[in-house]
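Colleague: I'm new to this one, and I'd like a close look at a single part. Could you walk me through the aromatic rings and then show me what else is worth knowing along the way?

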Amino acid sequence: NSSNNGGLMIRLLKHLKRLYRGILDKTEEVTMSYSDLVVVNSLFTRAQVEKTFPTLFLPRDDERDHGERIKVLYPAIESSLSRERANNNNTDEMTTNKSRTGPIVSLNRFERKKNVALLLHAYDLLLDRVSKGDLTIKLPPLIIAGGYDPLNVENVEHLAELRTLADTILARYNLPRSKVYSPSSDQDSTSSATTQEGNASIEFHLSVSNTKRKQLLSVACVWCYTPHREHFGIVPLESMDAAVPVVAIRSGGPMETIVDGVTGILVDYEPIIVGQEKQSATVCGFADAIAKLISHPEQTAEMGQRGKERVHEIFGMETFRQQWWELLEEAQSRGRKRHDRICSSYPSLESSIARSLREMLIVFLLVVALTWTLRTCGMLEDDTGLIGTLKVHYRRIVG
């Protein structure tokens with residue numbers, strides 16, 4: 001009975017949550033419908049908005065002049081690393097990129113939805129290929145960095161899960177266990193993986209500082225981005241801005257930021273079956289992409305440079321400012337036309353004032369006529385007015 005009651009309660013809570021979510025979504029949809037312009041951060045987000053709030057895409061009068069009111073404005077970055085390179089007048093960037101033999105890096109929050117285990121399985125597959133001689137490269141270290149809150153239960157649990165998986169993989173190839181670098185150790189010492197060419201290993205860097213983030217961007221040979229159906233994702237832009245090619249899943253925002261085969265490599269996604277990770281097309285795709293980038297440093301450097309140029313042209317601050325200003329002008333134009341359209345049904349100011357004066361005159365004449373009638377009938381004394389008499393009677397009633 002208790003199990004039945006528990007199941008019933010769970011189903012009830014699910015229905016209540018669905019009802020609560022539906023009410024909030026409808027409220028948000030109605031309130032957003034009053035806006036002149038809605039701006040989203042990617043085409044993928046726009047598709048999700050259309051799916052969740054379909055009435056926002058119904059045609060309106062102002063769309064005949066301006067088109068649809070759901071617009072895309074990509075977020076922009078202004079990387080501190082790029083500014084430093086510009087200030088130092090570093091003209092030998094391609095040479096620097098060619099000599100990169102640093103770690104494979106992933107930067108995400110320690111949350112399960114970020115799909116970081118995918119990268120560990122891909123690294124496992126690479127170790128397996130190297131150990132069997134199928135792959136003749138020196139595999140660099142793997143650094144998994146990201147935001148970590150020790151008070152967040154999921155962060156703590158997921159880090160433990162990832163460490164267990166990493167240690168299991170490393171033990172299979174007689175490699176040392178994984179290491180964890182906390183923010184405090186981040187200031188006192190740096191791992192060999194980020195300072196020189198290292199051997200195969202796995203490290204976890206928690207809540208990295210801006211300095212460590214900049215260091216990782218400057219030494220990484222490959223940047224891996226594992227989230228699936230991410231609405232945009234700013235990390236791939238930071239990586240490309242640092243001339244580091246990105247390997248990401250072919251879904252969500254990365255499909256718009258990364259040009260496959262030009263500034264990075266996109267991998268098709270399919271769910272990973274437990275126990276069959278090495279047979280997963282996504283795991284194999286990530287492993288193949290990483291191996292390709294490591295095996296061809298010159299092509300990788302060219303890809304990184306093209307990524308940097310793409311960020312500057314499409315996702316730079318100047319482009320963002322220009323597009324933002326154009327959107328503001330469009331919103332102002334839409335609002336002005338909406339105001340004129342609504343106000344056209346109202347009378348002019350002069351006619352409104354004349355009507356108000358006419359109504360006031362009518363009320364005054366009615367009061368005069370009523371006062372004269374009451375005095376004629378003896379119901380009102382000659383030395384008292386109608387308003388004063390009404391006040392006296394009102395006080396008597398209230399009092």
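Modeller: Here is a walk through the aromatic pairs, followed by a helix contact and a word on confidence. Keep in mind that this is a predicted model.

Searching the whole structure turns up four aromatic pairs. A pair of aromatic rings is described by the distance of the centres and the angle of the planes. Take Phe 110 and Tyr 148: their ring centres sit 6.0 Å apart and the planes are at 90 degrees, so this pair is edge-to-face. Phe 110 belongs to the loop between β3 (104–107) and α6 (117–132), while Tyr 148 belongs to the loop between β4 (142–146) and α7 (153–172), so the pair ties together parts 38 residues apart in sequence. Both Phe 110 and Tyr 148 are buried. Elsewhere, ring pairs join Tyr 74, Phe 232 and Phe 315 into a cluster.

Now for the helices. Helix α13 (residues 281–295) and helix α14 (residues 297–314) have axes that come within 5 Å and cross at roughly 105 degrees. That falls in the range of 65 to 115 degrees, so α13 and α14 are roughly perpendicular to each other. On the α13 side, Leu 293, Ile 294 and Ser 295 meet Pro 297, Thr 300 and Met 303 of α14. The residues of this contact split into four nonpolar, two polar and no charged.

Last, confidence. The protein's pLDDT averages 86, and 86% of the residues score at least 70. Over residues 91–97, though, the pLDDT is below 50, and this stretch has nine contacts in the model beyond near neighbours in sequence. Where pLDDT is low, the predicted coordinates shouldn't be read in detail.

How values were computed
Residues numbered from 1 in each chain as written. Predicted model: local features only at pLDDT ≥ 70, side-chain atom pairs only at ≥ 80, totals over all residues. Heavy atoms only, no water. Axes fitted to C-alpha atoms, helices over the stretch in contact; angles between N-to-C directions. Helix = DSSP H or I, 4+ residues; strand = E, 2+ residues; numbered from the N terminus. Parallel < 35°, antiparallel > 145°, perpendicular 65-115°, else oblique. Contact = heavy atoms within 4.5 Å. Nonpolar A, V, L, I, M, F, W, Y, C, P; charged D, E, K, R; others polar. Phe/Tyr/Trp six-rings, centres within 6.5 Å; stacked < 30°, edge-to-face > 60°. Buried < 20%, exposed > 50% of the residue type's maximum accessible area, 1.4 Å probe, protein only. pLDDT = per-residue confidence, 0-100.
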